[in-house]
Each structure stands twice: as structure tokens, then as C-alpha cells.
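Hi,

Here is the structure I promised to send over. My notes on it follow below; have a look whenever you get a moment.

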Amino acid sequence: MGHAPVRWGLLSTARINERLIPAMRSAPRSELLAVASQGGRDKADRYAATWNIPRACGSYEELLADREIDAVYISLPNSLHREWTIAAARAGKHVLCEKPLATTVAEVDEMAEAARRHGVVLQEAVMMRFHPQTRELQQRLAAGAIGDIRLVRGVFSFNLDRPGDIRLDAALGGGSIWDLGSYPVSFMRTMLRAEPVEVHGWHALGALGADLSFAGHLRFASGAMTQFFSSFQAAPFAQVDILGSKGQAIVDVPYLNKVGISTQVRIWRTGASRAAGTFSDSPANIEEELLTFDNVNAYQNEVDSMVASILNGAEPVVPLSESRGNVATLAALCASAQTGAAVRL
Ligand SMILES: NC(=O)c1ccc[n+]([C@@H]2O[C@H](COP(=O)([O-])OP(=O)(O)OC[C@H]3O[C@@H](n4cnc5c(N)ncnc54)[C@H](OP(=O)(O)O)[C@@H]3O)[C@@H](O)[C@H]2O)c1
């Protein structure tokens with residue numbers, strides 16, 4: 001039995017839309033119908049013409065009032081995610097909202113409550129979670145691929161030299177921790193399937209109050225410790241490695257923000273036979289495994305998953321409780337960086 005397609009509207013002309021537009025067009029039961037810009041009708045018209053989008057709206061309110069729109073993609077600055085998610089839910093629109101879902105737990109709770117009350121799907125567009133690499137590694141670690149996880153380390157950085165970028169302004173929810181650090185923190189929590197019990201953070205602030213670099217330590221009830229570093233002041237770099245009681249996993253492209261590349265995870269673990277070496281580290285005692293993922297478009301999976309949740313009631317890949325956990329952790333890290341003291345969650 002066929003379904004009418006999900007008709008999408010874009011709230012803003014953000015650059016990230018360029019990843020989602022092809023995905024909305026390729027999804028079998030999805031149609032991109034409209035774009036809205038707070039920059040006014042002309043900006044919306046120009047964007048709609050460039051991207052061949054049928055309808056252009058000169059305000060977000062106008063798009064939300066369009067009864068033929070079923071779902072919106074919110075690609076606004078982080079500080080506006082709450083306001084427009086709630087407005088969209090009230091208008092009866094399903095919401096795919098960019099990461100981080102918000103910058104306080106209270107905001108996440110309000111957004112979740114609005115979605116529940118108005119009976120719409122709300123999901124965070126944390127694309128990494130929709131990539132099979134993330135899921136498969138999570139499953140293998142849970143099955144004991146490297147024993148008990150002791151340490152996870154993650155780095156995500158690039159040099160941001162675009163004056164006026166939303167990421168540099170605290171009033172817009174900027175900061176490297178929210179933009180980049182949110183990925184390693186999400187990755188660690190996902191791999192450990194747990195929330196941290198204590199965090200400690202340090203930041204280097206920029207002129208507009210947003211951090212330019214952030215380092216954090218997280219402690220989990222299992223005894224696992226994690227570390228991350230995010231920065232707008234360092235060469236482009238993204239890596240995660242995970243050390244367990246029996247081996248290690250090295251993830252070369254952990255956050256998967258590029259489309260169409262091959263990604264690899266290298267796993268090694270100590271083998272079953274006892275080695276002669278004092279520290280059982282002889283090469284003969286090591287088993288190695290290489291996981292390769294070719295040509296995956298996680299943005300496509302993200303849109304397909306939303307469509308399945310909207311049309312078929314499929315479980316969301318990223319439950320709101322997990323988005324909430326990420327925001328709670330990031331907010332606690334920021335609080336720690338401000339006071340200099342560790343924060344317990
Ligand atoms: N999932 C990913 O891979 C990924 C990658 C990059 C970014 N993101 C997320 O996507 C969101 C947008 O990031 P982006 O870099 O694409 O943003 P961007 O290019 O800077 O665009 C943000 C858009 O928001 C609208 N806007 C509304 N009020 C604004 C204000 N006060 N100041 C600036 N812009 C305002 C503007 O569109 P109009 O004027 O047309 O309304 C603007 O084009 C963020 O939440 C970010 O974390 C996700």
C-alpha cells in the first residue's frame with residue numbers, strides 16, 4: 001500500500017542544507033516543497049531558484065502556516081532550535097532539527113514535550129548516528145570486541161576564519177564544544193551506552209564569548225574514562241581511538257561529515273593463546289580486523305529514517321533521551337570550564 005510522500009520545508013538557507021536537499025530528493029517517499037528565509041522574500045526566492053524548490057517563504061512563520069508542509073528541517077543557529085522546533089510542533093509539523101538539539105536540558109525537555117503534546121516526530125539530525133559504521137562498532141564493542149572499555153579519546157578540529165560565523169558567537173549558541181565537541185561526546189556516550197557521572201572541562205574563549213578550543217574529561221560508572229578536544233584554532237583533524245581491556249579500536253573517520261568516502265575501523269585484540277612475552281604483547285598473539293564502509297551517505301539514511309518514523313511509526317534512530325544526555329553532558333562541561341571545578345551529573 002502506497003503512502004503520500006512526506007512534504008518537506010527548510011527553515012533557513014543554511015549551508016548544511018546542501019547535504020540534506022539531495023537526500024530529501026532521493027528518498028522514495030519524500031518531496032522537498034518549500035524553503036523559508038528570515039532574510040526576506042528575495043533571499044528565499046533566490047535560494048528556491050538556485051535549488052529548484054517549488055515554494056519560497058519570506059518568513060519561517062509563513063512556511064509553518066503552509067498546510068501542505070508535513071515536516072521541517074531546522075538548520076538554524078543552535079540558540080534558535082528550541083523556539084522554532086516548538087513553533088513547528090504547534091503547527092503540526094514533524095521536525096528534523098540540527099545538532100546539538102539545544103544548549104540546555106530545559107530546552108530539550110520543552111521541545112520533547114511540545115512534540116509529544118502535538119503528536120509529531122522530533123529527531124536530532126546527528127548524522128553520524130545514522131551511519132552503519134557507528135552502529136556496527138557500537139554492537140561489536142558491546143559484544144566484547146576489545147574487552148571492557150577503559151578509555152575513549154576523540155579530537156575534532158579545523159581552523160575557522162570566517163568572520164561573522166554563527167559558531168563564534170555565544171549568543172547564537174556558538175563554541176567549538178557545541179559545534180565540534182558534541183560529536184566526540186556523542187560518540188563516547190554511544191559506544192559506552194551510558195551517561196557520564198562526572199566531567200571536567202577547560203576552555204579558551206573568543207571575543208564573542210564562545211569557546212575557540214575546549215578540552216574535557218568524562219568519567220563513567222563502569223570505570224571508563226574519556227577525553228576529547230575540539231577546536232576552531234587547529235588544523236583539520238578528526239579521530240577517535242578506544243582502548244579496552246583486551247584490545248583497541250582506531251576510527252579514522254569517526255564523525256562521517258563527508259559524503260561518498262570509504263571509512264575504516266581497525267580493531268586489534270589479544271588472541272586466545274597465551275603469549276610467551278612478559279606482557280603478552282608478542283605479535284603472534286594479536287588478532288586484527290579491518291571494518292570498511294564504502295560510499296555511505298548518512299544524510300540519506302537520516303532522511304529515510306525520519307520518513308519511516310513519520311509514515312510507519314518506526315522507532316527513531318536517535319531517541320530524544322540520548323539527545324538530552326548529550327546536551328546534559330555538554331552543558332555540564334561548560335559549567336565546569338566556567339567554575340574550574342568538576343561537575344557531577
Ligand atoms: N549535521 C552536520 O553535518 C552539520 C554540519 C554543519 C552544521 N550543522 C548544524 O546546522 C546548523 C546550521 O549550521 P550552518 O553552518 O549550516 O549555518 P549557516 O550557514 O551559518 O546558516 C544559518 C542560517 O540560519 C538563518 N538564521 C536565522 N537567524 C540567524 C541569525 N541570527 N544569525 C545567523 N543566521 C540566522 C540564516 O538563514 P536565513 O537568513 O535564510 O533564514 C542562516 O543562513 C547548526 O545547528 C549546526 O550545528 C550540522
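H7 and H9 are oblique to each other, since their angle falls in none of the other classes (under 35 degrees is roughly parallel, over 145 roughly antiparallel, 65 to 115 roughly perpendicular, and the rest oblique). Their axes come within 10 Å and cross at roughly 120 degrees. Axes here are lines fitted to C-alpha atoms, for helices over the stretch in contact, and angles run from 0 to 180 degrees between N-to-C directions. Helices (H or I, at least four residues) and strands (E, at least two) are DSSP runs, numbered from the N terminus.

Before going on: this is a predicted model, so local features need pLDDT of at least 70 and side-chain atom pairs count only at pLDDT 80 or more, while totals for chains, interfaces and linings use all residues. Residues are numbered from 1 along each chain as its sequence is written, and side-chain values use heavy atoms, with hydrogens and water left out.

Back to H7 and H9: the crossing is right-handed (the near helix is turned clockwise from the far one by less than a right angle; anticlockwise would be left-handed). On the H7 side, the residues that meet H9 include Trp-178, Val-185 and Arg-189, and their partners in H9 include Glu-322, Leu-330 and Cys-334. Contact means heavy atoms within 4.5 Å. By class, this contact has eight nonpolar, six polar and two charged residues. For the classes, Ala, Val, Leu, Ile, Met, Phe, Trp, Tyr, Cys and Pro count as nonpolar, Asp, Glu, Lys and Arg as charged, and the others, Gly among them, as polar.

H9 (residues 320-339) also packs with H5 (residues 105-118), at an angle of about 165 degrees and with the axes 9 Å apart. That makes H5 roughly antiparallel to H9. The contact is made by Val-105, Val-108, Asp-109 and Ala-112 of H5 with Leu-320, Arg-324, Val-327 and Ala-328 of H9. Six of these residues are nonpolar, none polar and two charged. The crossing of H5 and H9 is right-handed as well.

H7 (residues 176-192) has H6 (residues 132-142) packed with it too, at about 40 degrees and with the axes 8 Å apart. That makes H6 oblique to H7. Thr-134, Leu-137, Gln-138 and Leu-141 of H6 meet Phe-187, Thr-190 and Met-191 of H7.

Now the ligand. There are 26 residues around it (a heavy atom within 4 Å), and Thr-13, Ser-37, Lys-43, Tyr-60 and Arg-167 come nearest. As for polar contacts (N or O pairs within 3.5 Å), a ligand oxygen is 2.7 Å from an N or O atom in the side chain of Ser-37. For the side chain of His-81, the distance from a ligand oxygen to an N or O atom is 3.1 Å. With Lys-99, the partner is a polar backbone atom, 2.8 Å from an oxygen of the ligand.

Lys-99 is also joined to Pro-100 by a cis peptide bond, with omega about -15 degrees. Pro-100 sits in the loop between strand E5 (94-98) and H5. One more backbone oddity: Asn-52 isn't a glycine, yet has a positive phi of about 55 degrees. Asn-52 is in the loop between helix H2 (41-51) and strand E3 (55-57).

Cheers

Key
Polar contact = N/O pair within 3.5 Å; in protein donor to acceptor, adjacent residues only side chain to side chain.
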